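Subject: Structure handover

Hi there,

Here is the structure I promised to send over. Have a look at it first, and then read on for what turned up.

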Amino acid sequence: MEPHQVKVLDKVVVLDFGSQFTQLIARRVRECNIYSEILPFDTPIEEIKKLNPKALILSGGPSSVYDDEAPIASEDIIELGIPILGICYGMQLIGHYFGAKIKAASKREYGRAELTIVGEDALFDGFNGKSTVWMSHADKIEELPQGFKKLGYSDNSEFAAIRHIEKSIYGLQFHPEVAHTENGSLIIENFVRKVSEISGDWTTQVFIEEAIDDIRNRVGDEKVLCAVSGGVDSTVMAVLLNRALGKNVTCVFIDTGLLRLNEAEQTMKMFSGIDGMNVQLFDRKENFYSALAGISDPEVKRKAIGKTFIDVFSEIADKFDEHKYLAQGTLYPDVIESRPVKGPSETIKSHHNVGGLPKEMNFELIEPFRELFKDEVRIVGREFGLSEEVIGRHPFPGPGLAIRCPGEVTEKNLKLLQLADDIFISELHKSGYYDKVWQAFAVLLPVKSVGVMGDKRTYSKVISLRTVTSVDGMTADWGHLPHELLGKISDRIINEVEGVNRVLYDISSKPPATIEWE
Ligand code: XMP
């Protein structure tokens, strides 16, 4: 399928040299209502020209410009005559183009540093003097490239910020795109708005209008099938399709039996409150339970669930063979990560695509959110008037509670887990901590321990609770919940969930632990 082409006028192209922060750069630009697109560093100049970008940002990356295999973008980008901002490796590349020596450092500079700004420049409008920035680099520029001047320095980097004297070409040794850089977003905003003079026409309204037009043009009078899970992405997508096509959209919701307590009923109720939605529920619990019987190995479990999902979905899809299209909630990070450049961004491909459907299915795909980041999907959802309860939901894995039951998944285990999880989540809501953490859930451990209840010895199951704070789930810190709250939740679980006599709290960060136990 030809991806939908965004019709906005003002675009910023981010060339990716393999930094783990490339997506953050694009997001920061979009937060200024300016559309940005990430392209591999070796995109031919003709293709870049076709997009008619108003500015270019060169990302960081793990290489050294002198490496044999270093990703070097064509120097023709300078001839485009548009403003260029090079970040970290991108700055060294600019230095390399303009003949500066780059010093291969023996030791990485990593962490916070103090930037001292010298002179005045639109890039640092709104700053005064000093600012905390985040560094993560090995190499650095040792001398000013030809025709450049210094805009700032730090203890370790004589040239922490530079610009060309005549052209709007900038280099930053630090990362303005990360949250640890104080006013980093302002630097990016200054670059796109003040230096590049882009006014910005990328708004949620524009996205929605374009997406609706596009869906109508492609689909015409045909019908679209859309699988929903109650999660943010599929819910917002279903509403968008509904706005575009009305009754020609059929949503299917599969109850895998691996959902949270009463989740199927609650999700159906939520959909019934949205005008004009046609959502059909398919109870396929038994298929999943029988596929999981006797399996303890996490990978085998995942495969069994993935295969069952495909089988069940194929069987359901057959009932809807008058539907020509299938809607899929692909997001922009999925699109970028399927074409990684060399470097750390390559390893950021997730292993989680249980919902992936077989190619041989007789549908044409539509992917209305191919250009959106998750935060942008949330904004679209708000624009549609969806409740914060839906928009603010924690991520929930496709294989559901099965990966929160290490060992064998049985209906009995699932029931215990659902009850404990429900107590945990409802206490987090009550105390206001649900929105302070990125994800929270209970895990039922495959061990028993001794306890005493009344006068009786018990030998029962153990629940482990986990909350994490995170930006994107790639890395995460364990959530620091108050002890009183943990105590209250533990008491409730042990008293109310028969078969559980001990509650633990997981204080592992990712890495080295993962978020889920599996
Ligand atoms: P891990 O456990 O890898 O999880 O640290 C990172 C994030 O991904 C979620 N996750 C999944 N999401 N299908 C999904 O849609 C899956 O198979 C899956 N496995 C893990 C996990 O809940 C966390 O938010």
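Before anything else, a word on the term "domain": the domain bounds used below come from an automatic or database domain assignment. Please also keep in mind that this is a predicted model.

**Domains**

The assignment splits the protein into domain 1 (11-195), domain 2 (204-391) and domain 3 (410-505). Measuring over C-alpha atoms is how the spacing was computed, and it puts 37 Å between the centres of domain 1 and domain 2.**The second largest pocket**

Which domains share the lining of the second largest pocket? Domain 2 (204-391) and domain 3 (410-505) each contribute at least three residues to the lining. The volume of this pocket comes to about 630 Å³. Its lining counts 23 residues, and the closest to the pocket centre are Gln266, Glu389, Arg393, His429 and Tyr434.

In terms of secondary structure, helix H8 (263-272), helix H13 (388-391) and H14 each provide at least two lining residues. H14 gives the most, with 6 residues. If you are thinking about chemistry, the lining of this pocket divides into 6 nonpolar, 9 polar and 8 charged residues.

**The nonpolar cores**

H14 comes up again in the largest nonpolar core. That core has 46 residues, of which Leu225, Leu258, Phe313, Leu428, Ile463, Leu465 and Ile493 touch the most other members. At least two core residues come from each of strand S13 (249-255), helix H9 (285-292), helix H10 (298-318), H14, strand S17 (439-453), strand S18 (456-469), helix H15 (483-496) and strand S20 (500-505). With 8 residues, H14 gives the most to this core. Like the lining of the second largest pocket, this core takes at least three residues from each of domain 2 (204-391) and domain 3 (410-505). Another core, of 40 residues, lies apart from it and includes Val239, Phe253, Phe271 and Ile274.

**Salt bridges**

How many salt bridges does a search of the whole structure find? The total is 26. As a reminder, side chains of opposite charge can pair when their charged atoms come close. Three of the pairs are described here.

Glu427 and Lys430 form a salt bridge, with their closest N and O atoms 3.1 Å apart. Both residues sit in helix H14 (residues 411-431), where they are 3 residues apart, about one turn of the helix. An α-helix has 3.6 residues a turn, so residues three or four places apart point the same way. Are these two partners buried or exposed? Glu427 is buried, because its relative accessible area of 1% falls under the 20% cut-off. Lys430 is exposed, because its 61% is over the 50% cut-off. The pair also belongs to a network of salt bridges that links Glu427, Lys430, Lys488, Arg492 and Glu496.

The side chains of Glu31 and Arg28 make another salt bridge, at 3.0 Å from N to O. Glu31 is partly exposed, at 47% relative accessible area, whereas Arg28 is buried, at 14%.

In the third pair, Asp283 bridges to Lys285, and the closest N and O atoms are 3.2 Å apart. Both partners are partly exposed here: Asp283 has a relative accessibility of 45%, and Lys285 has a relative accessible area of 28%.

**Cavities**

The structure contains 2 cavities of 30 Å³ or more. Rolling a probe the size of a water molecule over the atoms shows where empty space is left. The second largest cavity holds about 30 Å³ of space. Its lining is made up of Leu15, Phe41, Thr43, Ile45, Ile48, Ala73, Ser74 and Ile77. Those residues divide into 6 nonpolar and 2 polar, with no charged residue present. By contrast, 8 charged residues are found in the lining of the second largest pocket.

**Helix H4**

One last item concerns helix H4 (residues 89-97), which is mostly covered, with 8 of its 9 residues buried. The buried ones are Tyr89, Gly90, Met91, Gln92, Leu93, Ile94, Gly95 and Tyr97. Just after H4 comes Gly99, which takes a positive phi of about 75 degrees.

If you would like a place to begin, try H14: this helix gives the most residues to the lining of the second largest pocket, and it holds both Glu427 and Lys430.

Best wishes

Definitions and conventions: Residues numbered from 1 in each chain as written. Predicted model: local features only at pLDDT ≥ 70, side-chain atom pairs only at ≥ 80, totals over all residues. Heavy atoms only, no water. Salt bridge = Lys/Arg side-chain N within 4 Å of Asp/Glu carboxyl O. Buried < 20%, exposed > 50% of the residue type's maximum accessible area, 1.4 Å probe, protein only. Helix = DSSP H or I, 4+ residues; strand = E, 2+ residues; numbered from the N terminus. 1 Å grid on protein atoms, 1.4 Å probe; cavity = no way out; pocket = protein on both sides within 12 Å on 5 of 7 lines; lining within 4 Å. Points joined across faces, edges and corners; volume = space filled by probe spheres on them. Nonpolar A, V, L, I, M, F, W, Y, C, P; charged D, E, K, R; others polar. Core = buried A, V, L, I, M, F, W, Y, C linked by side-chain atoms within 4.5 Å.
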